[in-house]
Structure formats: structure tokens, C-alpha cells
Amino acid sequence: MNAPVTNPDLRRIHGFPVSGDQLVVGGLPLRRLAARVGTTPFYAYDRGLLTERVAALRHHLPAGLHLSYAVKANPMPAVIGHLARLVDGMDVASAGELAKVLDAGMDPSHVSFAGPGKRAEELAQAVAAGVTVNIESPAELEVLTREAARIGVAPRVAVRVNPDFDLRGSGMRMGGGAKQFGIDAEEVPQLLRRIAELDADFVGFHVFWGSQALRPALIREAQEKSVDLVLRLTEHAPGPPELVNVGGGFGIPYHEKDEALPLAVVGEGMAALSDRLARDLPEARLGIELGRYIVGEAGVYVCRVVDRKVSRGQVFLVTDGGLHHHLAATGNFGQVLRRNYPVVLGTRMAAAAVETQSVVGCLCTPIDLLADRVELPRAEVGDLVVIFQSGAYGASASPHGFLGHGGPAEVLV
Ligand SMILES: *Cc1c(COP(=O)(O)O)cnc(C)c1O
């Protein structure tokens with residue numbers, strides 16, 4: 001990644017072109033982009049890369065698939081607005097996210113609302129808007145029913161299932177075993193009987209098994225097991241499901257040793273799955289919901305070097321950024337191991353990496369470490385540090401209030 005560059009004009013790095021000594025984001029060399037934003041630090045999301053990513057999913061995954069965007073990955077309104085025209089649906093996890101997707105003009109019948117701890121007011125807003133509520137507990141179903149009766153609208157409900165299988169090797173397991181998410185598979189028949197008694201539209205099932213999976217065999221196994229489970233549960237359903245959402249979980253390569261997910265291979269597995277569903281549940285549409293896979297690689301975080309210090313032989317690039325903007329890049333967003341995100345000096349792309357330097361933020365805590373001892377060209381004050389793979393779980397997943405520096409700017413370019 002940081003090898004000396006021989007022909008800078010022909011280079012792309014993590015999907016972004018390089019022109020001379022500058023990284024190019026959204027068609028703009030980095031210095032020009034920074035001048036246009038008018039401040040550092042900032043997040044920039046590349047519209048073209050977002051479009052390309054959805055096109056690649058459409059190309060490799062089965063026709064007719066219901067592709068949903070999980071808004072929590074990046075809820076910037078401009079990003080939601082751009083994706084609203086490209087995906088089939090959106091998955092929200094709060095009334096705040098719901099308002100944003102409705103503002104973007106998403107058809108409410110293609111919006112689902114998942115997540116534990118939905119409050120009565122949020123459920124009422126969801127019913128009034130006509131979005132599907134993914135039920136996470138029997139108590140939630142009762143509150144939803146009460147709110148729906150008060151409003152006089154039959155709620156659209158899907159059941160979020162906590163699967164009875166567990167998968168090793170997905171980055172973050174969110175199903176199987178005891179979980180606060182979804183309803184244990186063995187309890188689902190009872191819940192389905194309750195739904196049948198109520199004045200509710202049954203939409204289908206949502207099985208979410210995990211996140212950040214980079215092995216296609218694992219994704220295939222999880223999806224097949226999800227469909228097996230849905231077929232078993234459908235026997236107890238008030239009607240045939242319209243939508244079978246087999247989760248998402250497609251990962252992106254954050255670290256040097258990670259390999260990108262081979263989408264064509266994932267697509268083969270999904271084609272078989274889609275055929276099977278067409279045969280066994282002809283009314284149902286196969287769905288997936290993706291967050292980071294759609295937006296993660298399309299975004300960069302950019303901060304400015306404000307000081308260059310040497311402490312007992314180790315070089316520190318002190319920047320105006322930090323964990324208050326990009327918690328995940330510092331390894332503090334639930335990661336077990338701290339590993340560097342890919343990082344470059346976006347204003348010295350044509351220079352050779354000649355020095356080991358650590359990139360730190362401006363917070364008074366040793367965990368504010370953006371890149372630990374990386375080989376970079378020699379940086380000077382004013383250089384712009386770029387952290388790739390920053391389009392998901394960045395700005396909105398970081399503690400902006402910590403130390404009072406304020407939040408980052410965000411642009412879609
Ligand atoms: C967080 C979440 C997602 C998105 O996960 P990614 O790893 O970003 O794709 C999708 N669905 C549900 C239910 C989630 O909680």
C-alpha cells in the first residue's frame with residue numbers, strides 16, 4: 001500500500017484515484033476538496049463509488065432480490081437520499097432514522113423498523129407511516145397492537161428471529177444463543193399464533209445472524225440455514241410471508257490481511273437460494289439488508305497534521321481529528337484487537353514511504369490512536385491524513401461530545 005509510486009497517474013488506492021501527489025475523492029483532488037469543505041476534519045463519501053457498489057450487487061445477486069440499506073451504517077441525509085433511488089428498501093432502528101428515510105422519499109411499504117427497546121411513541125410513528133415493524137419481543141407486539149388500535153391502522157409486522165444456529169467466523173455474531181435481539185426461534189410459533197389473533201398484516205421473517213463476514217461459504221451456510229428455519233416457521237404463520245429477509249453480514253476488508261468478499265461466489269449461493277424459495281414459498285421475495293458493504297468503502301475520513309513530534313525516537317503526527325469523530329478507526333468500537341485501518345497522506349501520494357510514524361488525535365487519552373506505527377512519506381504540518389474504509393460506523397458512531405472539540409463535517413461528493 002505504501003510502496004514507492006512509479007506511475008502515479010495509473011493508480012487507484014482502495015477504489016479512489018490518485019492524481020499526481022493528491023488522492024482524488026468525488027472527482028476532486030484532496031486539497032481542492034478540503035478547501036471546498038472549508039474545514040478539517042471531515043468525512044467525504046464518494047457518490048460514484050456508492051452507485052458502483054449497488055450496481056455490483058445488482059449484477060452479481062439474483063434478479064428480484066429485495067436489497068435493503070441498513071441506515072445505521074451511515075445516516076447522513078445526503079447519503080440516504082442518494083441510496084434511496086438505488087436500493088429497494090431501507091432498514092431503520094429508531095424514529096430518528098425513520099424520519100430521515102421518509103424525508104428521502106422512500107416508499108414506507110419498503111421500510112422496516114428493527115431493533116430492541118422500541119418505545120410506544122416510536123411504534124406509533126411507524127404504524128402511522130405504514131412501515132413494517134420487525135417484532136423483537138412478545139411485549140413489543142402487544143404495545144404495537146395497542147398503539148395501532150389507538151390510531152386505527154392495522155400494523156405491518158414481521159418477526160425478527162433469533163436463530164437456533166450459531167456461526168463461527170463472522171466478525172460480530174448477532175444471533176444464536178441468548179441475545180437481546182429477535183425472538184428465539186423456538187418461541188416464534190407462539191408469537192405467530194398471537195399475530196393471527198390480532199388485526200395485523202403479517203409481512204414475513206427477518207433472520208439476522210451476524211456482521212462483517214468475509215468468507216462466502218459462511219454467508220451461504222447462514223443464508224441456507226435461515227431459509228430452512230423460515231420454512232419450518234412458516235407452518236405456524238397466519239399466511240405466507242411476502243418477504244424473507246435472510247440478514248446481511250457482507251463484510252469489507254478493513255485490514256491488510258483481510259480479503260475482499262468475492263461477490264460472484266456469494267451470488268451463486270444466493271441464486272440457488274432464490275430458486276429454492278421460488279419453489280417452496282412462491283409468494284415470498286428474498287431479501288437482504290446491508291450496511292457497511294454498501295457505504296463503508298465509499299467513505300474517507302480526512303484530518304490535518306497540526307504537529308509533528310518525536311518522543312524518544314518515535315514520530316507522532318498529531319492531527320485535528322481523533323476518536324471523537326472516528327471511534328472505530330481507533331479500535332474502540334467493540335473490536336477485540338486494535339488493528340490499523342488503511343491510512344495514507346492524501347497530499348503526498350507520489351512520495352515514497354520513508355518513515356515509521358504514528359497518527360494520533362487531539363484528545364488527552366492514549367486510546368486516541370488513529371494509526372499505530374505505519375510507514376508513510378515524511379509528513380509535515382498541514383498535510384492531510386486520509387483514513388479509508390470510513391463510510392460506515394464513522395461520524396454517527398463516535399462520541400462527538402467528548403472533550404468538546406465538536407463534530408466533523410460531512411460531505412457527499
Ligand atoms: C447493524 C445491522 C445491520 C447492518 O450491518 P452491517 O454489518 O453494517 O451490514 C443490518 N441489519 C441489522 C438488523 C443490524 O442491526
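This briefing covers one helix, the ligand site and three backbone details. The model is predicted. Helix α8 spans residues 216-234. The ligand has twelve residues around it.

**Helix α8**
- At 1.5 Å a residue, the 19 residues of α8 should span 27 Å, and the end C-alpha atoms are indeed 27 Å apart.
- Buried residues of α8 include Pro216, Leu218, Ile219, Ala222, Gln223 and Ser226. Val227, Leu229, Val230, Leu233 and Thr234 are also buried.
- These buried residues cover an arc of only 165 degrees around the axis, which puts them on the same side of α8.
- An α-helix has 3.6 residues a turn, so residues three or four places apart point the same way.
- The partners of this buried set are β10 (156-162), α7 (188-197), β13 (201-207), β15 (243-245), α9 (263-280) and β16 (285-290).

**Ligand site**
- Lys72, Ser211, Glu289, Arg292 and Tyr393 come nearest to the ligand.
- The side chain of Ser211 places an N or O atom 2.5 Å from a ligand oxygen.
- Glu289 has a polar side-chain atom 2.6 Å from a ligand nitrogen.
- Gly291 uses its backbone: a polar atom there is 2.9 Å from a ligand oxygen.
- Of the 390 Å² of accessible area that the ligand has on its own, the protein covers 94%.

**Backbone details**
- Thr40 and Pro41 are joined by a cis peptide bond, with omega about -5 degrees. Pro41 sits in the loop between α1 (30-37) and β5 (42-45).
- Arg373, in strand β21 (residues 369-376), has a positive phi of about 45 degrees. Arg373 is exposed, at 52% relative accessible area.
- Tyr393 also has a positive phi, near 55 degrees. Tyr393 lies in the loop between β22 (384-387) and β23 (409-412). Its relative accessibility is 10%, so Tyr393 counts as buried.

Conventions. Residues are numbered from 1 along each chain as its sequence is written. This is a predicted model: local features need pLDDT of at least 70, side-chain atom pairs count only at pLDDT 80 or more; totals for chains, interfaces and linings use all residues. Side-chain values use heavy atoms; hydrogens and water are left out. Helices (H or I, at least four residues) and strands (E, at least two) are DSSP runs, numbered from the N terminus. The expected span of a helix is 1.5 Å times one less than its number of residues. Buried means under 20% relative accessible area, exposed over 50%, partly exposed in between (1.4 Å probe, protein chains only). The arc is that of the directions from the helix axis to the C-beta atoms. Contact means heavy atoms within 4.5 Å. A residue is near a molecule or strand if one of its heavy atoms lies within 4 Å of it. A polar contact is a pair of N or O atoms within 3.5 Å; within protein, one must be able to donate a hydrogen and the other to accept it, and residues adjacent in sequence count only if both atoms are side-chain atoms. Accessible areas come from the Shrake-Rupley method with a 1.4 Å probe; for residues, only the protein chains shown count as cover.
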